[in-house]
Amino acid sequence: MERVAIREGKLPVILFAPHGYDGDDEKTANMVEHIASVLDCYAVINRGWERGPTVDCFADKADCNNVVHCHEDVVKDEILDPILRFSKRIMRTHNMAYFFPIHGMSNKHRKLSGIDDLDIVVGYGAGSPHSYTCDLWRKNYMMHLLDAAGLTPAEGKKGGPMSGWARNNMNQLFRKWYNQTYIQGMQLEVIYDLRSDNELNLLASEYIALAIRDLIKAKDFITQREYPSY
């Protein structure tokens, strides 16, 4: 099995599965594959790197959600370079691109968050200070679209475990590392219940794909609704 799969596409969207089959992220690779197929967009999918504190390419160890690891030899060739190459390719014909790192969270986060039916957390760089990885109205619209699809979304809150704020988090790749503000990023954390069963995985993937498709068409969005945060 190839360690990393890459997919060319047409829409200005790059999906990224940093831990496709690893730990709590089990079957996020399947999810990203299906979303990319529905959208016909770009994707970089980690199939073989396992999380480790340091990079060891001979043992297939690296944290592919850590920007520092992704700048090291071999990991850079397999993970970072395709993401950057796709972003440049998109910008040749579009004035904006979207970047979605997609992770998994265990069912215990429903109890920890106090949101009994939590399905997905959208991380967008809330922190101290904020390091937003997308325009706030785009985050708001994504929340609305996920909610309208029947999923229960929450925002990654300031200081929370899923905010996508930390400098070395790949969600911050185009903000804190490359200063490319024309690339809109959102980290999606999907609950295990929606990934464990193959049919539910496909269904949730289609809901997320349709939300992304509507999002990239939008020019503006105003909402009065507040969503829970975690």
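## Strand S5 and its partners

In this predicted model, strand S5 pairs with strand S6 (residues 153-155) in the parallel sense, over 3 bridges. Within that pairing, Ile120 stands opposite Pro153 in S6. The two strands also belong together in another way: S5, H5 and S6 make a right-handed β-α-β unit.

S5 has a second partner in S8, and here the strands run antiparallel, joined by 4 bridges. Look for Gly123, which stands opposite Gln187 in S8. As for where the residues of S5 point, Ile120 and Val122 go one way while Val121 and Gly123 go the other, and all are buried.

## The largest nonpolar core

S5 (120-123) is one of the elements that give two or more residues to the largest nonpolar core. The other strands on that list are S2 (13-17), S3 (42-46), S4 (97-105) and S8 (187-191). Helices H1 (28-39), H5 (136-148) and H8 (198-217) are on it as well. This core has 49 residues, and the members that touch the most others are Leu15, Ile35, Phe100, Met142, Ile208 and Ile212. In soluble globular proteins, nonpolar side chains tend to be buried together.

Ile35 makes a good place to start exploring. Setting aside neighbours within four places in sequence, Ile35 is in contact with Leu15, Ile102, Ser205, Ile208, Ala209 and Ile212.

## A second core, and Leu173

There is also a second, separate core of 23 residues, with Tyr42, Ala62, Val67 and Phe86 among them. Val67 leads us on to Leu173: beyond neighbours within four places in sequence, Leu173 is in contact with Val67, Leu80, Ile83, Leu84 and Tyr178.

Leu173 lies in helix H6 (residues 173-177). Because its relative accessibility is 0%, Leu173 counts as buried. Thr133 is 40 residues away from Leu173 in sequence, with 9.0 Å between their C-alpha atoms in space.

## A buried lysine without a salt bridge

Lys27 deserves a look too; you will find Lys27 in the loop between S2 and H1. This lysine is buried yet has no salt bridge. Its nearest side chain of opposite charge is Glu26, 5.0 Å away, whereas a salt bridge calls for a nitrogen-to-oxygen distance within 4 Å.

Which residues surround Lys27, then, when those up to four places away in sequence are not counted? Lys27 touches Gly20 and Tyr21, together with Arg195, Ser196, Asn198 and Asn201.

Note on methods
Residues numbered from 1 in each chain as written. Predicted model: local features only at pLDDT ≥ 70, side-chain atom pairs only at ≥ 80, totals over all residues. Heavy atoms only, no water. Core = buried A, V, L, I, M, F, W, Y, C linked by side-chain atoms within 4.5 Å. Buried < 20%, exposed > 50% of the residue type's maximum accessible area, 1.4 Å probe, protein only. Contact = heavy atoms within 4.5 Å. Pairing = 2+ DSSP bridges. Right-handed = clockwise from strand over helix to strand, strands pointing away. Lys, Arg positive; Asp, Glu negative; His and termini not counted.
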